[in-house]
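Open the model in your viewer and keep the sequence beside it. The stops below say what to select next and what is there.

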Amino acid sequence: MFISDGNISIRIAEPEDAPMIYQWENDRSLWRVSETACPTSLFQIEQFLLGNSDLLGNRQQRLMVCLNEEELPVGSIDLFDYDPVNSRIGVGILIESNYRGKGLAGTALRLCLDYLFNDLLVHQVHCLVDVTNEESLHLFRKLGFEEGGRRKDWIKTPEGFLDVVFYQIINKA
């Protein structure tokens, strides 16, 4: 495992994670929060994972959130828009629905922030959360992310447009 707290770990996604990621990426109920509009093939995911270890070259990386006892992946963290010049990176998290509400997302994001701030020496981590996603809004605020702005009518839904909140956390160290 890459980084562990005793109960859960985060690690680099491997090619053998492709079938699970394929399920998550093609879950239409999650597309709005991930700004996805069309299905992804298993081949596309496998190709992405083959180069997943190169954060500097790809400017993105997928990490898996795993339960240590069973070594079972229960979610993922996406790192994206890595900008080493300005020392910032975007983050998104997914926890499988039957594992939500157990504190796993908060623990996994704390581990990830520790890695980003102390190993990669990133200055800023940011994310976008739609205004109806109360769980994520609460999660990022609880972890110390601050609202840096709002993007009006950013996400189109069948019910109309939604605003998203831009959150960021600055490494003060």
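Start with helix H6 (134–142) and colour Glu 135 and Lys 142, the exposed residues on the face turned away from the buried side of the helix. Exposed means over 50% relative accessible area, buried under 20%, and partly exposed in between, with a 1.4 Å probe and protein chains only. Helices (H or I, at least four residues) and strands (E, at least two) are DSSP runs, numbered from the N terminus. This is a predicted model, in which local features need pLDDT of at least 70 and side-chain atom pairs count only at pLDDT 80 or more, while totals for chains, interfaces and linings use all residues. Residues are numbered from 1 along each chain as its sequence is written, and side-chain values use heavy atoms, with hydrogens and water left out.

Now select the other side of H6: Ser 136, Leu 137, Leu 139 and Phe 140 are buried. Looking down the axis of H6, these buried residues fall within an arc of 165°, so they line one face of the helix. The arc is taken from the directions that run from the helix axis to the C-beta atoms. What do the buried residues of H6 pack against? They pack against E5, H5, E6 and E8, where contact means heavy atoms within 4.5 Å. Step just past the end of H6 to Gly 144, which takes a positive phi of about 100°.

**The core**

Next, select Ile 10, Ile 77, Leu 79, Val 91, Val 125 and Phe 145. Of the 37 residues in the largest nonpolar core, these touch the most other members. A nonpolar core is a set of buried Ala, Val, Leu, Ile, Met, Phe, Trp, Tyr and Cys residues joined through side-chain atoms within 4.5 Å. Two or more residues each come from E2, E3, E4, E5, H5, E6, H6 and E8. Helix H5 (104–118) gives the largest share, 10 residues.

Centre the view on Val 125. Leaving out residues up to four places away in sequence, Val 125 touches Ile 89, Val 91, Leu 113, Leu 116, Phe 117, Phe 145, Tyr 167, Gln 168 and Ile 169. A second, separate core has 10 residues, including Ala 18, Trp 24, Met 64 and Cys 66.

**Helix H1**

Two of those residues lead to H1, whose buried residues are Ala 18, Ile 21, Trp 24 and Glu 25. Down the axis of H1, the buried residues fall within an arc of 120°, so they line one face of the helix.

Stay on Glu 25 and add Arg 62: the two form a salt bridge, with the closest N and O atoms 2.5 Å apart. A salt bridge is a side-chain nitrogen of Lys or Arg within 4 Å of a carboxyl oxygen of Asp or Glu. This pair links distant parts of the chain, as Arg 62 is in strand E3 (residues 61–67) and Glu 25 in helix H1 (residues 18–25), 37 residues apart. Arg 62 counts as buried because its relative accessibility is 8%. Another salt bridge joins the side chains of Arg 11 and Asp 17 at 2.8 Å, N to O, and both residues are buried. A search of the whole structure finds seven salt bridges.

**The sheet**

Show the strands. Eight of them form an open sheet with mixed pairing, in the order E1-E2-E3-E4-E5-E6-E8-E7. Strands pair if DSSP finds at least two bridges between them. Strand E1 (3–4) and E7 stand at the edges with a single partner strand each, so one side of each is left without a neighbour in the sheet.

Follow E8 next. E6 and E8 pair in the antiparallel sense over seven bridges, and Cys 127 has Tyr 167 in E8 as its bridge partner. Eight bridges join E8 (residues 160–170) to E7 (residues 146–157), and the two run antiparallel. Here Glu 147 stands opposite Tyr 167. A hairpin of two residues joins E7 to E8.

**Last stop: E7 and E8**

Select Lys 152 and Asp 163, whose side chains meet in a salt bridge of 3.7 Å, N to O. Is each end buried or exposed? Lys 152 counts as exposed because its relative accessibility is 58%, whereas Asp 163 is buried at 15%. Both belong to a network of salt bridges that links Glu 147, Arg 150, Lys 152 and Asp 163.

Finish on Thr 157 in strand E7. Its side chain reaches the backbone oxygen of Gly 160 at 2.5 Å.

How values were computed: Polar contact = N/O pair within 3.5 Å; in protein donor to acceptor, adjacent residues only side chain to side chain.
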